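Thank you all for making the time this morning. Please have a look at the sequence and the structure on the screen before I start, and keep them in view while I talk.

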Amino acid sequence: MPRVKICGTTSVHDAVQAAQAGADALGFIFAPVSKRLVSASVAREAGLSVGPAVARVGVFLDQGLDEVLRLSEAARVSAVQLHGPLSEGFVRAVTAFYPVLRVLRPADLVTEGKLWQDVPGVTLMLDAPQPGGGVPLDWESLRATFPPGTWLAGGLGPWNVAEAIRVLRPAGVDAVSHLEARPGVKDSSKVAAFVRAARATTP
Ligand SMILES: O=C(O)c1ccccc1N[C@@H]1O[C@H](COP(=O)(O)O)[C@@H](O)[C@H]1O
């Protein structure tokens, strides 16, 4: 059964609701382009509100190493999610401080995917080219190449997550767009339904 990450958390209220629904991880997006951008102080408060069992993942896109580490420390995250084109050295530098969810597009699997497959501290996550866009990947086309231990994002919601898990057996699932009442604000019933649907899958 995969881990369940609820991303784009922007308030203590939504963090507590997601934790109470059974989420394993919360995502806090620090990419300035995001409609779910959150401050490090709110992320820290939200992360502290859910207790020690829920992972707190800082999400970054097109940001420098200093900014990633500074915001991650200020927010007290427990892991870092890195999107976009990055050097091997950049990713390795972050793993010196935090476990990394390295987000790749399907096309990147043949190149960068192999690089990280057996690197401790780096977990792959496949997502659509436009993160946060709510667009699912073609799961069937990925069946043969989806690496073991990889997480899945992209257009997941309560109605399709069980099928995605059946097809690809991801180690974790991650969603934001289809769990919101409006950008940056979760619909707690959708969040709870997503967690239930992901947990209902047979191993
Ligand atoms: O959601 C965003 O605004 C965002 C911005 C920059 C980087 C990542 C972002 N979100 C990530 O997108 C995926 C899934 O999104 P969706 O469910 O398809 O809307 C998830 O990994 C988020 O962390």
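I will go through a central strand and its partners, then one helix, then the surroundings of the ligand, and finally two loop residues.

Please keep in mind throughout that what you see is a predicted model.

Let me begin with strand β5, which covers residues 100-104. Is this strand buried or exposed? Five of its five residues are buried, so β5 is largely enclosed by the rest of the structure. If we take the two faces in turn, Val-100, Arg-102 and Leu-104 are on one side, Leu-101 and Val-103 are on the other, and both faces are covered.

Which strands pair with β5? One partner is β4, residues 79-83, which runs parallel to β5 and is joined to it by three bridges. Within that pairing, Val-80 has Val-100 of β5 as its bridge partner. To get from β4 to β5 the chain passes through helix α4, residues 88-95, in a β-α-β crossover that is right-handed. The other partner I want to show you is β6, residues 122-126, which pairs with β5 in the parallel sense over five bridges. Here Leu-101 stands opposite Thr-123 of β6. Between β5 and β6 the chain goes through helix α5, residues 109-116, and this β-α-β crossover is right-handed as well.

Helix α5 also gives us a residue to look at in its own right, since Glu-112 is found there. With a relative accessible area of 16%, Glu-112 falls under the 20% limit, so the residue counts as buried. What does the side chain of Glu-112 reach? A polar contact of 2.7 Å joins it to the side chain of Arg-102, and Arg-102 is one of the buried residues of β5 that I listed a moment ago. If we leave aside neighbours within four places in sequence, Glu-112 is in contact with Arg-102 and Leu-104, which both belong to one side of β5.

Let me turn now to helix α8, residues 188-199. At 1.5 Å a residue, its 12 residues should span 16 Å, and the C-alpha atoms at its ends are indeed 16 Å apart, so the expected and the computed values agree. Its buried residues are Val-191, Ala-192, Phe-194, Val-195, Ala-197 and Ala-198. What do these buried residues pack against? They pack against three strands and two helices, namely β1 (3-6), β8 (172-175) and β10 (185-186), together with α1 (12-21) and α7 (161-168).

Next comes the ligand, which is surrounded by 22 residues, the closest being Cys-7, Ser-34, Gly-155, Asp-174 and Ser-177. Where do side chains come up to its oxygen atoms? An oxygen atom of the ligand is 2.5 Å from an N or O atom in the side chain of Asp-174. For the side chain of Gln-81 the corresponding distance is 3.0 Å, and for that of Asp-127 it is 3.4 Å.

Two of those closest residues deserve a little more time. Asp-174 has its place in strand β8 and, at 5% relative accessibility, counts as buried. Its side chain makes a polar contact of 2.9 Å with the side chain of Lys-5. Beyond its sequence neighbours within four places, Asp-174 is in contact with a set of residues that includes Lys-5, Cys-7, Gln-81 and Met-125.

Cys-7, for its part, sits in the loop between β1 and α1, and it is buried, with a relative accessible area of 4%. Not counting residues up to four places away in sequence, Cys-7 touches several others, among them Gly-27, Ile-29, Val-59, Asp-174 and Lys-186.

I will finish with two loop residues whose backbone angles you may want to look at on the screen. Which loop holds Arg-76? Arg-76 lies between α3 (65-75) and β4, and its phi is near 60°, a positive value in a residue other than glycine. Its relative accessible area is 46%, and Arg-76 is partly exposed. Arg-169, in the loop between α7 and β8, likewise has a positive phi, of about 50°, although it is not a glycine. At 44% relative accessibility, Arg-169 counts as partly exposed.

Methods
Residues are numbered from 1 along each chain as its sequence is written. This is a predicted model: local features need pLDDT of at least 70, side-chain atom pairs count only at pLDDT 80 or more; totals for chains, interfaces and linings use all residues. Side-chain values use heavy atoms; hydrogens and water are left out. Buried means under 20% relative accessible area, exposed over 50%, partly exposed in between (1.4 Å probe, protein chains only). Helices (H or I, at least four residues) and strands (E, at least two) are DSSP runs, numbered from the N terminus. Two strands pair if DSSP finds at least two bridges between them. A crossover is right-handed if, with the strands pointing away from the viewer, the path from the first strand over the helix to the second runs clockwise. The expected span of a helix is 1.5 Å times one less than its number of residues. Contact means heavy atoms within 4.5 Å. A polar contact is a pair of N or O atoms within 3.5 Å; within protein, one must be able to donate a hydrogen and the other to accept it, and residues adjacent in sequence count only if both atoms are side-chain atoms. A residue is near a molecule or strand if one of its heavy atoms lies within 4 Å of it.
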